[in-house]
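Biologist: Could you take me through the salt bridges of this protein in some detail, with a close look at one part of the chain where charged side chains pair? I would like to know where the partners lie and how far each one is covered by the rest of the protein.

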Amino acid sequence: MDLEIRFNRTLLLDGSYFLHRMLAQPNQFDLQTTTGKKTGGIFGTIKSVFKEMQKYNYFPIIVFDGGLAPRRLRAYSNYKRNEEKQLLLESTMYDEKTEEQLLEEAFMREYRTQRKDIIEFMHGLGIPCIRIEDWEGDDLLYILSKMSRDSIIVTDDRDLIQAVYQDDRRRCRVWRTMHDEMWDVDTLKNKGLDAWQYINEKAIVGDTSDNIPSACYGVGEKTAGGLLNLYESCNKNNKIFPHNEEELATMCKDFDIPKRKAYINFNEAQFKVNMELMNLRLVDNDITDDFVDDLYEEILFEQTQTDTYLIADKIREFEMYSLDANNILRRVQKLQPYLKIEDEDKIPNVNEEVITTLF
């Protein structure tokens, strides 16, 4: 589905990634106020978001996961089963839990609590924080990129390679913060990376973090490309995928593909299910005009909301006195004209990239 371009320049920040990354650092997770309120995830995420905002003249929009996508659960009921595991863990008696389970429970409790605080804090700064029930963050980032004339997705999720795009109408790049690497069309071409091939190969390997099983036991990232070539060659030539070593040897020779015995373990049905789970393009089937309109209006509404009293109260509550909220607020206000297409005439003539003097 081709979406109408609604925004001009957007900096699309993966809030779930930032918060998980902060809480995974012991010094951040243990940071707390004098009253025992943990604030490391809040403080670290806000500082990280501001750091990214300082680099570009793109208006920030933060996206959090809002639950599992029904389309993915229909394809595979055990998708991200770790969330169900967490609910089961929370219902287990305290004295029956292992130390590892207690730590995992504490992590998820802090994640949910601090996520709520971050959303309130950002709302007070006029930065839209989008979290929609039954919508996963990567789907929303993909949709917002298609609604933007020029967007940068800030994440470390390699699956969002699918969002990289450029034509005369729009452009989307992915800034991988952990690797200090900007993915755009030219970068992927120079690296020999193809988004569609990457997702196909990942569908073969699976993803343990999302509880997505492998489609071929014994085949990893390095050898998935050969299996994909064999599978596509079979389909192109109307051949049945080999089921024994003799057939495998023959077809690999015919298609000039290095033979690996593990290829005969290929489960085509699981591969197709995995593609349904990983292919972001399928989200187009779930987008309605009403959904897009509501998303657009929510972002425009939130970017006008500022509450300096709320921010001051939160800083005192969280004891984040080293956080210069006024500096962040001024930056947000400077970036507001970059959001709406109709405000383009208000945009100053400055370089779109790194700005050395902001205020």
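**Salt bridges around helix 14**

Modeller: Lysine 314 is buried, with a relative accessible area of 12%, and in this predicted model its partner in a salt bridge is glutamate 120, with the closest N and O atoms 2.8 Å apart. This pair ties together distant parts of the chain, since glutamate 120 belongs to helix 6 (residues 99-125) and lysine 314 to helix 14 (residues 308-318), 194 residues apart. Glutamate 120, unlike its buried partner, is partly exposed, because its relative accessible area is 26%, which lies between the 20% and 50% cut-offs.

Helix 14 also holds a salt bridge within itself: aspartate 313 pairs with arginine 316, and the two residues are 3 apart, about one turn of the helix. Their closest N and O atoms are 2.4 Å apart, and aspartate 313 is partly exposed, with a relative accessible area of 42%.

A similar spacing is found in helix 3 (residues 40-55), where glutamate 52 and lysine 55 lie 3 residues apart and their side chains meet in a salt bridge of 3.3 Å, N to O. Both glutamate 52 and lysine 55 are buried.

The whole structure has 23 salt bridges. As for confidence, the mean pLDDT of the protein chain is 90, and 91% of its residues reach 70 or more, but pLDDT stays under 50 over residues 354-359. Where pLDDT is low, the predicted coordinates should not be read in detail.

Note on methods. Residues are numbered from 1 along each chain as its sequence is written. This is a predicted model: local features need pLDDT of at least 70, side-chain atom pairs count only at pLDDT 80 or more; totals for chains, interfaces and linings use all residues. Side-chain values use heavy atoms; hydrogens and water are left out. pLDDT is the predictor's confidence in each residue, from 0 to 100. Contact means heavy atoms within 4.5 Å. A salt bridge is a side-chain nitrogen of Lys or Arg within 4 Å of a carboxyl oxygen of Asp or Glu. Helices (H or I, at least four residues) and strands (E, at least two) are DSSP runs, numbered from the N terminus. Buried means under 20% relative accessible area, exposed over 50%, partly exposed in between (1.4 Å probe, protein chains only).
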